[in-house]
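Here are three short exercises to work through with the model open beside you. Try each task before reading its solution.

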Amino acid sequence: MTLNPRPQAEHRHAYKAFRAIGTRWSDNDLYGHVNNVVYCSWFDTAAKGHFIPVYVDRATRRPAALPPELLSVLELLK
């Protein structure tokens, strides 16, 4: 039986998007390590921020199409 080698992480340049997420005092344990449950929360935060950007119309408080000005700015960020 042959064991599979441990997979290697991709280099940072292989990823297109990054999201800065700050830590809170309660995210760390006594030794300064991040608690395992916090990683799941970070993944959820990043996924929501990446996949669910919604523009809400102030007058109707309903989701609306993005204005052309905002769309052009978002295209520059890609």
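Helices (H or I, at least four residues) and strands (E, at least two) are DSSP runs, numbered from the N terminus. This is a predicted model, where local features need pLDDT of at least 70, side-chain atom pairs count only at pLDDT 80 or more, and totals for chains, interfaces and linings use all residues. Residues are numbered from 1 along each chain as its sequence is written, and side-chain values use heavy atoms, with hydrogens and water left out.

**Exercise 1.** Find which helix gives the nonpolar surface patch its largest share.

Solution. Start with the rule: patches are made of residues with over 30% relative accessible area and no salt bridge, like charges being joined within 9 Å and nonpolar side chains (Val, Leu, Ile, Met, Phe, Trp, Tyr) within 5 Å. Next, list the members: Y55, L70, L71, V73, L74 and L77, together about 510 Å² of accessible area (Shrake-Rupley method, 1.4 Å probe, with only the protein chains shown counting as cover for residues). Five residues, the largest share, come from helix α2 (residues 68-77).

**Exercise 2.** Locate the salt bridge and decide whether each partner is buried or exposed.

Solution. Look for a side-chain nitrogen of Lys or Arg within 4 Å of a carboxyl oxygen of Asp or Glu. The structure holds one such pair: R24 with D27, whose closest N and O atoms are 3.0 Å apart. Then apply the cut-offs: buried is under 20% relative accessible area, exposed over 50%, partly exposed in between (1.4 Å probe, protein chains only). R24, at 53%, is exposed, whereas D27, at 1%, is buried.

**Exercise 3.** Describe the backbone and setting of R61.

Solution. R61 is not a glycine, yet has a positive phi of about 55°. Its place is the loop between β1 (55-56) and β2 (63-64). With a relative accessible area of 73%, R61 is exposed.
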